[in-house]
Structure formats: structure tokens, C-alpha cells
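Here are my notes on the model you sent over. Have it open next to you while you read, and start with the core.

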Amino acid sequence: QNYVIRTQVSEVILAASGARTEVAEFAASNGALPGATYTPSTTMSDFVDMLAWNQGTMAIVATSSNAINGSQADGMTITLTAAFDASTQQVTWTCGGNIPAQFRPGSCQGT
């Protein structure tokens with residue numbers, strides 16, 4: 001069952017990763033991270049309930065849906081937090097969230 005949940009959580013991460021590309025392109029073109037009105041586009045799935053940009057934390061927040069197999073990851077989040085370096089026009093990312101670490105890939109074992 002853990003394998004099935006990890007597979008479903010990967011769709012949540014994929015949705016957040018698509019928005020990560022949009023934010024990086026925005027920052028490179030505008031010299032700053034997006035403002036509060038930015039709304040990322042994504043292809044929703046049965047396992048992604050919502051995708052949003054949180055300007056306060058400079059993070060993409062992807063919320064899993066209740067369709068996740070088992071309650072251990074239902075309605076929880078993957079968070080990609082951005083840090084923009086104006087001198088290089090590059091965005092670096094930290095992955096975290098409150099989906100239990102056992103269901104996230106190794107690249108997303110942050111807080």
C-alpha cells in the first residue's frame with residue numbers, strides 16, 4: 001500500500017514541478033519572484049486538489065486530494081519554496097510539506 005501512495009504522491013509533486021518551471025521563467029524575465037496575484041497553471045489530476053502560489057512564504061503549495069489511497073496523505077501538501085538570486089537570475093528550490101516523508105521521493109525530504 002505504501003508503494004501505491006508514493007505513486008499517487010508523485011502526481012502531486014509533478015503538478016508542483018510544473019509550476020516551479022513557470023515561476024523560474026517568470027523570475028528570469030521579471031527579475032523577481034511573482035506577486036500575490038500569480039496563479040500557477042497545472043494539469044489537475046485525481047490526486048491533486050489544489051495548486052497555489054503563497055507569496056508570503058515564496059512557495060508553491062500543492063495539496064493532495066482525498067483520492068490518495070489511504071488517509072496518510074489525504075489533503076496534505078507538497079511545498080516547493082523558492083529563493084531568487086537577483087545577481088544570477090536563478091531560482092533555487094527546497095522541497096518539503098506535510099505529506100509524511102515516507103511517501104515523498106528522496107529529493108523531497110526537507111521540512
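1. Core first. Bear in mind that this is a predicted model. Its largest nonpolar core has 25 residues, and V9, L33, W53, I60 and I78 are the ones with the most contacts inside it. As a rule, nonpolar side chains in soluble globular proteins tend to be buried together.

2. Who builds that core? α1 (2–30) supplies at least two of the core residues, and so does each of β1 (48–54), β2 (59–64), β3 (77–85) and β4 (90–97). The largest share comes from α1, with nine residues.

3. Now the sheet. Four strands make an open sheet, and going across you meet them in the order β1-β2-β3-β4, with antiparallel pairing. β1 and β4 are the edge strands, each pairing on one side only. From one strand to the next, the twist averages 15°.

4. In the middle of the sheet, β2 and β3 run antiparallel and are joined by five bridges. If you want a landmark for this pairing, look for T63, which stands opposite T77 in β3.

5. Then the β3 and β4 pair, which is antiparallel over eight bridges. Here I78 stands opposite G97 in β4; you have met I78 already, as one of the core residues with the most contacts. The hairpin of these two strands has four residues between them, and there Q89 takes a positive phi near 60°.

6. On to the cysteines. The structure holds one disulfide. It joins C95 to C108, with an S to S distance of 1.8 Å. The link is left-handed, with -70° about the S-S bond. What does it tie together? C95 lies in strand β4 whereas C108 lies in the segment after β4, so the disulfide connects parts that are 13 residues apart in sequence.

7. Are the two ends of that disulfide buried or exposed? The cut-off for buried is under 20% relative accessible area. C95 has 12% relative accessibility, so C95 counts as buried. C108 has a relative accessible area of 1%, so C108 is buried as well.

8. To pull the threads together: β4 is an edge strand of the sheet, supplies at least two residues of the core, and holds C95 of the disulfide. β3 pairs with β4 over eight bridges and with β2 over five, and β3 also supplies at least two core residues.

Note on methods. Residues are numbered from 1 along each chain as its sequence is written. This is a predicted model: local features need pLDDT of at least 70, side-chain atom pairs count only at pLDDT 80 or more; totals for chains, interfaces and linings use all residues. Side-chain values use heavy atoms; hydrogens and water are left out. A nonpolar core is a set of buried Ala, Val, Leu, Ile, Met, Phe, Trp, Tyr and Cys residues joined through side-chain atoms within 4.5 Å. Buried means under 20% relative accessible area, exposed over 50%, partly exposed in between (1.4 Å probe, protein chains only). Two strands pair if DSSP finds at least two bridges between them. Axes are lines fitted to C-alpha atoms, for helices over the stretch in contact, and angles run from 0 to 180 degrees between N-to-C directions. A disulfide is a pair of cysteine sulfur atoms within 2.5 Å.
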